[in-house]
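I open this notebook to record what I looked up, step by step. The entries begin with a single residue and widen from there.

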Amino acid sequence: MAIPERRKSDNHILSIYKHVKDNFADPQSADVNYGDVTFDASSLDIWVDISILSHGAGRKGETLVQFDVYSRVRGPMPGGDEYGEALSQLADALYESMHVDGIQVYDFTVPASPVLLSGAKLMVQNGGGTFREPESDQTLDIEDGVARRSLTYRLRMVEDASRAFSYYD
Amino acid sequence: MGYSGFTKEGGVDTSSYLVGSWSEILAVKNSTNYYIGNTPEGVLEVSKEYYQHEDTSFPRRVDLVVPIRTGMRFTGVVEEIHGQNVSWLLGQTLATNSNYIYVGALAQSYYFTFRGRRIRVSDGEQIEFCIWKCLINSLFSLGSGDEAQGSPVEVTGLDDTNGDYGGSATAPLGYILVPDKA
């Protein structure tokens with residue numbers, strides 16, 4: 001039996017990208033890499049990588065999304081980012097974009113014209129049960145003059161919260 | 001051959017699952033909203049009691065069920081311990097303007113309207129309840145610990161058929177609003 005559109009991981013990934021694209025008010029005009037493995041950041045001063053770490057939503061599990069924010073400490077960026085201000089501003093803007101109860105899921109069968117799937121939401125809910133908050137938000141070590149902050153979000157579908165051991169549709 | 005109506009296995013309308021808590025609770029008195037704040041473990045109850053009549057067959061079988069009592073009640077824990085909430089939890093005014101809240105004196109019953117709201121995440125619609133005419137009937141208890149310490153609260157709805165607090169003959173206790181799916 002075909003998996004319903006609202007449970008397809010492909011639709012989930014593109015819906016997450018769409019949500020970020022539509023809601024991310026970027027103060028730094030940073031480049032955002034939406035999962036492109038050929039993305040080249042060598043000439044960039046500040047950028048964001050979005051990665052999907054796991055695909056459990058719609059499968060009685062959880063989808064983990066990671067936002068890696070990078071900023072060159074002393075690169076070609078005017079004035080540099082020695083104190084990580086640009087990095088923090090970008091991380092806060094991403095946090096704001098994810099500060100929602102749920103992310104709407106769309107049907108991307110025709111990628112250029114996604115169709116809203118009524119009632120299908122990826123809940124933004126961390127492991128402690130709190131809505132709108134990240135699972136983790138960490139500052140990582142500076143490598144090759146690039147500072148990095150990493151935010152992870154836990155997403156699951158409303159039906160994944162069912163107490164039934166399994167569901168069918 | 002079994003019944004032919006079995007055609008929908010498992011969840012039928014999975015977008016109707018409700019997750020989370022009663023996220024906004026307020027008491028209303030004289031058209032003023034008093035925001036109670038977080039009420040962890042908040043539970044809305046609509047209770048009913050029935051009388052069951054049994055016939056004289058052997059073995060006896062229930063042949064009539066009659067509702068004889070119904071009520072609305074909200075229980076939870078009030079986390080924000082300030083003058084307004086403490087006064088209210090002690091069954092006194094919400095519009096307190098004194099730092100002292102006196103305990104033990106005979107006082108008139110303090111009625112209020114009680115409302116709560118939560119979000120249905122799947123479509124963002126708001127589910128609400130309202131109990132028109134309420135009294136506090138919980139004890140006040142403030143413990144100790146590392147987490148925010150609250151007092152238990154129990155709010156019981158009273159009959160408001162005559163509409164003093166917004167009720168009516170068709171909704172004498174209150175209502176639950178469950179909007180159509182967006």
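**Entry 1. One residue.** I began with Ala120(A), which is buried, because 27 other C-beta atoms lie within 10 Å and 20 or more are enough for that class. The model is a predicted one, and I read every entry with that in mind. I located Ala120(A) in strand 5 of chain A. I then asked which residues Ala120(A) touches, not counting those up to four places away in sequence. I found Arg6(A), Val105(A) and Ser15(B). I also looked up the distance to Tyr106(A), 14 residues apart from Ala120(A) along the chain, and noted 8.1 Å between the two C-alpha atoms.

**Entry 2. The contact between the chains.** Since Ser15(B) is among the residues that Ala120(A) touches, I turned to the contact of the two chains. I counted 17 residues from chain A and 13 residues from chain B in this contact. Which element supplies the largest share of the side of chain A that touches chain B? I found that strand 5 (residues 115-124) of chain A does, with five residues. By class, I listed eight nonpolar, five polar and four charged residues on that side of chain A.

**Entry 3. The largest nonpolar core.** I next looked up the largest nonpolar core, which has 32 residues. The members that touch the most other members are Val69(A), Leu90(A), Leu94(A), Leu122(A), Met123(A) and Leu155(A). I noted that several elements of chain A each supply at least two residues of this core, including helix 1 (9-23), strand 2 (46-55), strand 3 (63-72), strand 5 and strand 7 (146-157). The largest share, five residues, comes from helix 2 of chain A. As background, I recorded that nonpolar side chains tend to be buried together in soluble globular proteins.

I followed one member further. Not counting residues up to four places away in sequence, Leu122(A) touches, among others, His12(A), Ser15(A), Thr63(A), Ile103(A), Val105(A) and Leu155(A).

Apart from the largest core, I found another core of 22 residues, among them Ala27(B), Ile36(B), Trp88(B) and Trp132(B).

**Entry 4. Chain A as a whole.** I counted two helices and seven strands in chain A. Along the sequence, I read their order as α-β-β-β-α-β-β-β-β. The radius of gyration of chain A is 17 Å, which agrees with a compact globule of 169 residues, for which a value near 15 Å would be expected. Along the principal axes, the C-alpha atoms of chain A fill a box of roughly 55 × 35 × 25 Å. I noted that 31% of the 169 residues of chain A count as buried. For contacts in chain A with a separation of 6 or more, I found that 57% involve residues 24 or more positions apart.

**Entry 5. Chain B as a whole.** For chain B I counted one helix and eight strands, in the order β-β-β-β-α-β-β-β-β. Is chain B compact or spread out by the globule rule? Its radius of gyration is 21 Å, well over the 16 Å that the rule gives for 182 residues, so chain B is more spread out than a compact globule. I recorded a box of roughly 75 × 45 × 35 Å for the C-alpha atoms of chain B, taken along the principal axes. Of the 182 residues of chain B, 23% count as buried. Among its contacts between residues at least 6 apart in sequence, I noted that 55% join residues at least 24 apart.

Terms used. Residues are numbered from 1 along each chain as its sequence is written. Chains are lettered from A and ligands numbered from 1 in the order in which they are written. This is a predicted model: local features need pLDDT of at least 70, side-chain atom pairs count only at pLDDT 80 or more; totals for chains, interfaces and linings use all residues. Two residues are in contact if their C-beta atoms, placed from the backbone, lie within 7 Å. Helices (H or I, at least four residues) and strands (E, at least two) are DSSP runs, numbered from the N terminus. Ala, Val, Leu, Ile, Met, Phe, Trp, Tyr, Cys and Pro count as nonpolar, Asp, Glu, Lys and Arg as charged, and the others, Gly among them, as polar. The radius of gyration is taken over C-alpha atoms; the globule rule is 2.2 Å times the number of residues to the power 0.38. A residue is buried if 20 or more other C-beta atoms lie within 10 Å of its own, exposed if 12 or fewer, and partly exposed in between; C-beta atoms are placed from the backbone. A nonpolar core is a set of buried Ala, Val, Leu, Ile, Met, Phe, Trp, Tyr and Cys residues joined through C-beta atoms within 7 Å.
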